[in-house]
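Subject: Handing over a structure

Dear colleague,

I am passing on the structure below, which you have not worked with before, together with some notes on what was found in it. Please read the notes with the model open beside you.

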Amino acid sequence: MLLTETRDRILAEVDRYPERRTALLPSLKLAQREVGWLPPEAIAEVADLVGVSHASANELATFYSMLRLQPGGRMRVEVCVQLPCALAGADRLLETLAEGLGIRPGEVTADGAVELIRTSECFGACHRAPMCRLNDEYRENLTPKATRDLIEELRSGADGVAQGNGVAR
Ligand code: FES
């Protein structure tokens with residue numbers, strides 16, 4: 001089910017490591033990036049490409065919270081609430097986003113465009129807290145005004161948001 005481009009990138013990952021198995025996590029992330037989440041067929045395909053058992057790939061996919069086993073919103077907004085971000089106002093940021101989008105953390109907007117996530121996963125941008133990740137792009141130093149602007153962006157077309165206003169990771 002994966003595109004040839006994704007399959008090629010996975011095979012390139014496999015070539016990078018002395019142990020094929022080490023390529024499993026980055027390969028699952030590549031599959032998720034293409035599909036948006038990891039249906040069983042995608043996990044099986046990645047396992048075959050990497051050369052590990054389907055059971056091993058399923059085990060890893062279940063272990064990491066960053067890997068999604070169910071479809072969510074097309075735009076995944078993850079607000080980091082680890083201590084450094086919490087001290088810089090992460091809870092306020094999360095509340096403001098939730099109010100502005102009309103959903104609670106863990107929910108998806110009615111049109112399926114945005115999913116709001118509260119996460120304690122540190123994204124390594126603590127020095128620019130509070131912050132959130134929009135799919136693979138970071139939005140940092142989210143002041144109240146920047147947060148309002150972000151809500152406007154998300155409401156006016158989440159599918160086009162992560163296209164250059166933040167830091168791609
Ligand atoms: S604590 Fe939030 S990015 Fe590190």
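Before the helices are discussed, one convention is needed: angles under 35 degrees count as roughly parallel, over 145 as roughly antiparallel, 65 to 115 as roughly perpendicular, and the rest as oblique. Please also keep in mind that this is a predicted model.

With that convention in hand, helix α1 (residues 4–16) and α3 pack with their axes 9 Å apart and at an angle of about 45 degrees, and α1 and α3 are therefore oblique to each other. Their crossing is right-handed, and in it R7, I10, L11 and V14 of α1 meet V46, L49 and V50 of α3. Sorted by class, this contact of α1 with α3 has six nonpolar residues, no polar ones and one charged.

As for the overall layout, the domain assignment of the protein chain gives domain 1 (4–63) and domain 2 (75–168), and the C-alpha centres of domain 1 and domain 2 lie 27 Å apart.

Helix α3 (residues 40–50) also packs against helix α2 (residues 24–35), where the two axes come within 10 Å and cross at roughly 140 degrees, so that α2 and α3 are likewise oblique to each other. Here α2 passes α3 in a right-handed crossing, and the contact is made by L24, S27, L28, A31 and V35 of α2 together with A42, I43, V46, L49 and V50 of α3. By class, the contact of α2 with α3 has nine nonpolar residues, one polar and no charged.

Which residues of α3 are buried? They are A42, I43, E45, V46, A47, L49 and V50, and what covers them includes α1, α2 and α4 (54–63). After α3 comes G51, whose phi is positive, near 90 degrees.

The last helix pair to mention is α2 and α4, which pack at an angle of about 75 degrees with their axes 10 Å apart, and α2 and α4 are therefore roughly perpendicular to each other. Their contact is made by L24, L25 and L28 of α2 and A57, L60 and A61 of α4, and its residues divide into six nonpolar, no polar and no charged.

Some backbone details in the loops also deserve a careful look. Most residues other than glycine have a negative phi, and most peptide bonds are trans. Against that background, a cis peptide bond joins A129 and P130, with omega about -5 degrees. A129 lies in the loop between β2 (114–119) and β3 (132–134), and P130 has its place in the loop between β2 and β3 as well. Because A129 has 23 C-beta neighbours inside 10 Å, A129 counts as buried. Leaving aside its neighbours within four places in sequence, A129 is in contact with P84, C85, A88 and A90, while the C-alpha atoms of A129 and C80, 49 residues apart along the chain, are separated by 8.7 Å.

Two asparagines carry a positive phi: for N135 the value is near 50 degrees, and for N141 it is about 50 degrees. N135 is placed in the loop between β3 and β4 (137–139) and, with 17 C-beta neighbours inside 10 Å, counts as partly exposed. N141 lies in the loop between β4 and α7 (144–157) and, with 12 C-beta neighbours inside 10 Å, counts as exposed.

With best wishes

Conventions
Residues numbered from 1 in each chain as written. Predicted model: local features only at pLDDT ≥ 70, side-chain atom pairs only at ≥ 80, totals over all residues. Domains from an automatic or database assignment. Axes fitted to C-alpha atoms, helices over the stretch in contact; angles between N-to-C directions. Helix = DSSP H or I, 4+ residues; strand = E, 2+ residues; numbered from the N terminus. Left-handed = near helix turned anticlockwise from the far one by under 90°. Contact = placed C-beta atoms within 7 Å. Nonpolar A, V, L, I, M, F, W, Y, C, P; charged D, E, K, R; others polar. Buried ≥ 20, exposed ≤ 12 C-beta atoms within 10 Å, placed from the backbone.
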